Amino acid sequence: MADNIFDKILRGEIPCHKVYEDDHVLAFLDIGPLSRGHTLVIPKESAVTLDALSDDSAAALGRVLPRICRAVKKATGCEDFNVLQNNGALAHQAVFHVHFHIIPRPDSSQGLGVGWRSAGTFDHADGAALARAIAAAIA
Ligand code: 5GP
């Protein structure tokens, strides 16, 4: 049985401030918010990273994410927000159960601070080969 903090929340062993629940999805407030209204949306399925998620759980998440975003906007009065989804420790994942962050961005000092690296150059020959490889892997 998976035993990280979100599995314990799903099993009701640890409390949370729940904002939404259905057969596949639970959403609740983040205990360490980057801004007021910072919400986590998780599948009930115990997958560590997004690529490991079943199509059913993925579809259920995709269906409710925009609805929960709208609700967070309405409840906080904050128009701007980021949706963040980390996979793996190097990518800043700390809890190893798939989760989407919805993070209101009320002003430049609250919410998600994004340090975007300067864009690299694009090699069209490599890009064409890479696009073919990714497309083949999807099929
Ligand atoms: P990650 O870095 O894995 O994408 O984010 C994990 C998030 O889970 C963090 O924002 C952290 O504040 C949140 N978190 C960790 N433990 C708990 C908890 O026990 N309850 C709630 N509600 N959120 C938690």
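Which residue in strand 5 does threonine 39 stand opposite? In this predicted model, the partner of threonine 39 is isoleucine 102. Local features need pLDDT of at least 70 and side-chain atom pairs count only at pLDDT 80 or more, while totals for chains, interfaces and linings use all residues. Residues are numbered from 1 along each chain as its sequence is written, and side-chain values use heavy atoms, with hydrogens and water left out.

To set the scene, the protein chain holds three helices and five strands, in the order α-β-β-β-α-β-β-α from the N terminus. Helices (H or I, at least four residues) and strands (E, at least two) are DSSP runs, numbered from the N terminus. The C-alpha trace spans about 50 × 40 × 25 Å along its principal axes. Of the 139 residues, 33% are buried, that is, under 20% relative accessible area with a 1.4 Å probe, protein chains only.

Strand 5 deserves a closer look. Five of its five residues (100–104) are buried, so strand 5 is largely enclosed by the rest of the structure. Phe100, Ile102 and Pro104 cover one side, and His101 and Ile103 the other; all are buried.

Strand 5 also has partners, where pairing requires that DSSP finds at least two bridges between two strands. Strand 3 (residues 39–43) pairs with strand 5 in the antiparallel sense over three bridges. Strand 4 (residues 81–84) also runs antiparallel to strand 5, joined to strand 5 by four bridges. Here valine 83 stands opposite isoleucine 102, the residue that threonine 39 also stands opposite.

Terms used: Buried means under 20% relative accessible area, exposed over 50%, partly exposed in between (1.4 Å probe, protein chains only).
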